Amino acid sequence: QVQLAESGGGLVQAGVSLSLSCAASGPTFSYYAMGWFRQAPGKEREFVATISWSGSSTYYADSGKGRFTISRDNAKNTVYLEMNSLKPEDTAVYYCAARKVYTSSSYYLGEYDYNYWGQGTQVTVSS
């Protein structure tokens, strides 16, 4: 079973960059597709980005395309979300999620596709 712990959130001004990390514990992290989701106050949780276990395939929500980059370091059991040009509408609790996979290029966009979730890290972007 994988346990996930996000870090790196904080209060920042619009336009700056922020990097989130998600550290995983447990065996065979490499065989998990990973995703980032976020939930703003009063809104449903939404997909942000996903990456295959090999790291070769990624996919982004339109809101983050061109600004966010998801990456992973399987040797460190960590997945990252680099966020640039942050906007106030990026304010949310950001969650990482994991799903065991059997193909190196698989990734998933739906929150119900994921089995394991972290506790979340708050990102607040002031205007």
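Asp90 is buried in this predicted model, with a relative accessible area of 1%. The cut-off for burial is a relative accessible area under 20%, and so Asp90, at 1%, falls on the buried side. The acidic side chain of Asp90 is engaged in a salt bridge with Arg38, the closest N and O atoms lying 2.9 Å apart. This contact joins distant parts of the chain, since Asp90 belongs to the loop between β8 and β9 while Arg38 belongs to strand β4, 52 residues apart.

## Salt bridges

Five salt bridges are present in the structure. Side chains of opposite charge can pair when their charged atoms come close. Arg38 also meets the side chain of Glu46 in a salt bridge, at 2.6 Å from N to O. Arg38 itself counts as buried, at 5% relative accessibility, whereas Glu46 is partly exposed, with a relative accessible area of 35%. Arg38, Glu46, Asp90 and Arg67 are linked in a network of salt bridges.

Another salt bridge is formed by Arg45 and Glu111, with 3.2 Å between the closest N and O atoms. Here too distant parts of the chain are linked: Arg45 lies in the loop between β4 and β5, and Glu111 in the loop between β9 and β10 (116-117), 66 residues apart. Arg45 counts as partly exposed at 25% relative accessibility, and Glu111 counts as partly exposed at 23%.

Three of these pairs are set out below.

| Salt bridge | Closest N to O distance |
|---|---|
| Glu46 and Arg38 | 2.6 Å |
| Asp90 and Arg38 | 2.9 Å |
| Arg45 and Glu111 | 3.2 Å |

## Nonpolar cores

In soluble globular proteins, nonpolar side chains tend to be buried together. The largest nonpolar core of this model has 27 residues, of which Trp36, Leu81, Met83 and Tyr94 touch the most other members. At least two residues of this core come from each of β3 (18-25), β4 (32-39), β5, β7 (68-73), β8 (78-83), β9 (92-100) and β11 (121-126). Another core, of five residues, lies apart from it and includes Phe37, Phe47, Ala97 and Tyr114.

The surroundings of Met83 can be listed in detail. Leaving aside neighbours within four places in sequence, Met83 is in contact with Val16, Ser17, Leu18, Leu20, Arg67, Phe68, Tyr94 and Val123. Among these contacts, Tyr94 is one of the core residues that touch the most other members, and Arg67 takes part in the salt-bridge network.

## The four-stranded sheet

An open sheet is built from four strands in the order β1-β3-β8-β7, with antiparallel pairing. β1 (3-7) and β7 stand at the edges, and each has a single partner strand, so one side of each is left without a neighbour in the sheet. From one strand to the next, the twist averages 15 degrees. Within the sheet, β3 and β8 pair in the antiparallel sense over six bridges. Cys22 stands opposite Val79 in β8.

## The loop residue Ser57

Ser57 is placed in the loop between β5 (46-51) and β6 (58-60). Is this loop residue buried or exposed? At 16% relative accessibility, Ser57 counts as buried, because the cut-off for burial is under 20%. Beyond residues up to four places away in sequence, Ser57 touches Thr50, Ile51, Ser52, Ser105 and Tyr107.

Key. Residues are numbered from 1 along each chain as its sequence is written. This is a predicted model: local features need pLDDT of at least 70, side-chain atom pairs count only at pLDDT 80 or more; totals for chains, interfaces and linings use all residues. Side-chain values use heavy atoms; hydrogens and water are left out. Buried means under 20% relative accessible area, exposed over 50%, partly exposed in between (1.4 Å probe, protein chains only). Contact means heavy atoms within 4.5 Å. A nonpolar core is a set of buried Ala, Val, Leu, Ile, Met, Phe, Trp, Tyr and Cys residues joined through side-chain atoms within 4.5 Å. Two strands pair if DSSP finds at least two bridges between them. Axes are lines fitted to C-alpha atoms, for helices over the stretch in contact, and angles run from 0 to 180 degrees between N-to-C directions. A salt bridge is a side-chain nitrogen of Lys or Arg within 4 Å of a carboxyl oxygen of Asp or Glu.
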